[in-house]
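Colleague: Before I take the labels on this model at face value, I would like to hear what stands behind them.

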Amino acid sequence: MISAPCRSFMQNKGSLYSSTLSAISTAYIALDAAESFREIVRPSSSVFTHTESNGTHFCTFKDIQEGFDALAQPDRSQLVEGIRKCNSIYHVRRCHHHCLVTQIEQDTYLANSLVFTYAKYGALYDSKAVFKLIIDRSVVTWTALISALVRHEAYLDALLLYRQMHQEGTTPNNVTFIALLGACMNREFLTEGKRLHACISKEQLSDVILGTSIITMYGRCRSLEDARALFSQLPNANIVTWNAIMTIYVELEQGKEAIFLIQRMHSAGLEPNDCTYINGLKACALLEDITLGRAIHVCVVAEGLISDIVVSNSLVNMYGKCGALDDALYIFSGMPKHDVITWNGIISSYVQQGYGAEGLELFRNMQQQGIKPERVTFINVVGACANITALDEGKWIHACLLNDALESDSQVGNALIHMYGQCGALKLARIVFYKVRPHNVVSWTAITSAFAQQGRAKEALHLFQEMQENHVKPDDVAYISVLSACSHAGLVEEGIWCFLSMWEYGLNPNIEHYVCMIDLFGRAGLLSEAEEFMCKMPRWHDGRLWAALLSSCTIHSDIYRGKNAAEQMITFGAGETASYVLLANLYAANVKRDSESPALVLSKMMSLSDEEGDSESMRILLDRMVAAYMGSYD
DNA sequence: CCTTATGAGA
């Protein structure tokens with residue numbers, strides 16, 4: 001949006017000040033020559049006085065422009081006000097032009113507001129150019145540009161500018177520090193943030209806003225310890241400070257500590273506000289504590305905060321994460337307005353509970369309401385397609401998100417890979433995989449498990465290998481997908497080899513890895529090896545392992561081992577009903593050989609039915625038993 | 001006198 005003459009001037013750093021001045025003028029006059037000419041030649045009048053009662057203030061930018069148009073030489077305070085009222089880069093240019101025409105652009109205050117306002121509308125280049133021309137740079141000048149750079153995510157530039165400011169002998173004030181701390185909101189800038197903290201004196205820390213900014217900085221750098229240390233030293237922490245520290249606990253997934261903070265806050269004599277409740281609800285979602293969530297819901301209603309869309313969105317989310325879809329829908333329906341976040345919340349609630357079709361239905365409703373989906377929406381609806389293996393719908397959504405160039409986003413891309421993997425569209429999964437950058441463990445695991453789940457174990461193993469050759473360290477999830485690929489394909493040796501390689505990466509196998517191993521031996525018919533392996537394991541007192549063994553016994557018709565496994569499964573608490581279902585499958589498969597056992601299992605099931613009340617699995621079981629008996633007469 | 005400025009949903 002910068003004109004060519006203007007740009008060529010900017011690049012001509014060697015120009016003398018006087019000549020640059022006229023160059024700027026030329027540039028801006030060239031920008032809209034006719035317009036400017038008209039402004040300059042028009043005779044002055046007293047347009048400014050026609051506005052409000054106090055005479056010197058304007059309402060809108062239009063008033064000001066009319067004023068400028070009428071006056072060839074607006075005065076300084078009029079220009080300052082004009083700049084402040086700008087609402088587009090075009091307006092700023094016009095004001096700048098008037099500053100030049102009236103030859104008062106060297107006024108530091110005026111220039112400061114130009115630096116800031118240019119930056120506000122994204123014209124960093126113009127902002128820097130004005131900055132360079134200012135001779136008497138004050139703290140405010142530096143701070144204006146620093147905060148502009150931070151706002152435009154040019155963090156390194158902002159910090160470099162701070163260094164230059166320091167070298168030129170200007171002392172930063174609280175506002176400068178607040179802006180600079182904004183440049184350190186990422187782990188990689190933690191050292192820089194600590195350095196800034198060290199430059200801030202005790203007196204300066206009595207400014208709550210500054211203190212809170214440092215805490216937030218430590219939070220974003222995920223350094224809870226530094227944040228807590230400072231928090232205990234702050235003399236006048238307010239509700240915002242407490243909320244800031246609470247946000248850190250929530251972001252570090254320490255739900256209990258976050259909730260505990262509400263109580264401590266209360267005893268410190270502070271009343272929670274909307275932000276406190278938002279954090280509290282997020283903590284409930286983390287803890288999946290619906291009781292606490294309901295308690296906060298009551299508070300929110302009592303304090304009239306339910307009309308706040310952010311609070312309501314948090315409620316939808318909390319209920320959704322706790323699996324209470326009816327409650328989530330109740331909040332959702334009661335809301336007068338739904339934004340993208342609301343829709344994301346309700347859609348993800350359904351998808352995460354396994355209701356992919358309903359999630360997609362909601363997605364269509366959302367689009368009918370004219371709400372544009374964004375990153376998180378796409379991640380959820382692609383997940384919904386994976387959930388119900390809706391390949392056509394998935395392709396259609398994939399096409400939609402191409403417009404926003406979201407395909408290469410790692411989270412969206414991984415969701416797509418997973419979806420195509422689930423749908424068996426491995427070619428498409430691979431195409432997306434090569435578009436995602438950079439390839440991290442998650443994307444490698446997504447593509448590996450896509451092949452693994454389709455029974456293409458050799459390719460899955462190859463991808464696993466390739467990942468390591470690309471110096472990406474596998475994590476425990478990657479191992480689960482590759483181990484299960486081996487067990488499904490009967491690649492016992494490869495599976496063992498993979499399992500052993502976990503130690504090379506310093507990974508300790510968890511129960512799921514052990515389940516994969518039992519499965520690996522069991523499926524291959526190596527039942528005694530599976531048993532042997534289990535007995536050598538550190539945590540064999542887990543019903544899930546015996547369940548894996550039992551299902552292998554079912555495949556290989558090993559009734560003796562199967563019975564034992566079922567007993568162990570019950571002993572180690574993997575659900576009595578589940579063990580009987582598996583055992584019934586075993587008997588059902590061998591009904592000709594051992595015709596009395598099914599009746600025994602059935603009677604055991606009946607005796608359980610009152611206590612467990614698990615009618616669904618009971619029904620499935622009975623169906624299977626009946627089918628087995630029918631089959632035995634063939 | 002005018003310019004720079006904190007916390008939050010997914």
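**DNA contacts and one helix**

Modeller: In this predicted model, a polar side-chain atom of D339 lies 2.6 Å from a base nitrogen of DNA strand B. Local features need pLDDT of at least 70 and side-chain atom pairs pLDDT 80 or more, while totals for chains, interfaces and linings use all residues. Side-chain values use heavy atoms, without hydrogens and water.

Colleague: What makes the D339 pair a polar contact?

Modeller: A polar contact with the strand is a pair of N or O atoms within 3.5 Å. The D339 pair, at 2.6 Å, meets that. In the side chain of N112, an N or O atom is 2.5 Å from a base oxygen of DNA strand B. K282 has a polar side-chain atom 3.5 Å from a phosphate oxygen of DNA strand B.

Colleague: Which residues come nearest to DNA strand B?

Modeller: Y109, N112, R151, N317 and D339, out of the 30 residues around the strand; a residue is near if one of its heavy atoms lies within 4 Å. Of the atoms of DNA strand B that come within 4 Å of the protein, 53% belong to sugar and phosphate.

Colleague: Why is α9 (139-151) called largely enclosed?

Modeller: Buried means under 20% relative accessible area (1.4 Å probe, protein chains only). Ten of the 13 residues of α9 are buried, so the rest of the structure largely encloses this helix. Among the buried residues are W142, L145 and L149. The buried residues of α9 pack against α7, α8, α10 and α11, where contact means heavy atoms within 4.5 Å.

Definitions and conventions: Residues are numbered from 1 along each chain as its sequence is written. Chains are lettered from A and ligands numbered from 1 in the order in which they are written. A polar contact is a pair of N or O atoms within 3.5 Å; within protein, one must be able to donate a hydrogen and the other to accept it, and residues adjacent in sequence count only if both atoms are side-chain atoms. Buried means under 20% relative accessible area, exposed over 50%, partly exposed in between (1.4 Å probe, protein chains only). Helices (H or I, at least four residues) and strands (E, at least two) are DSSP runs, numbered from the N terminus.
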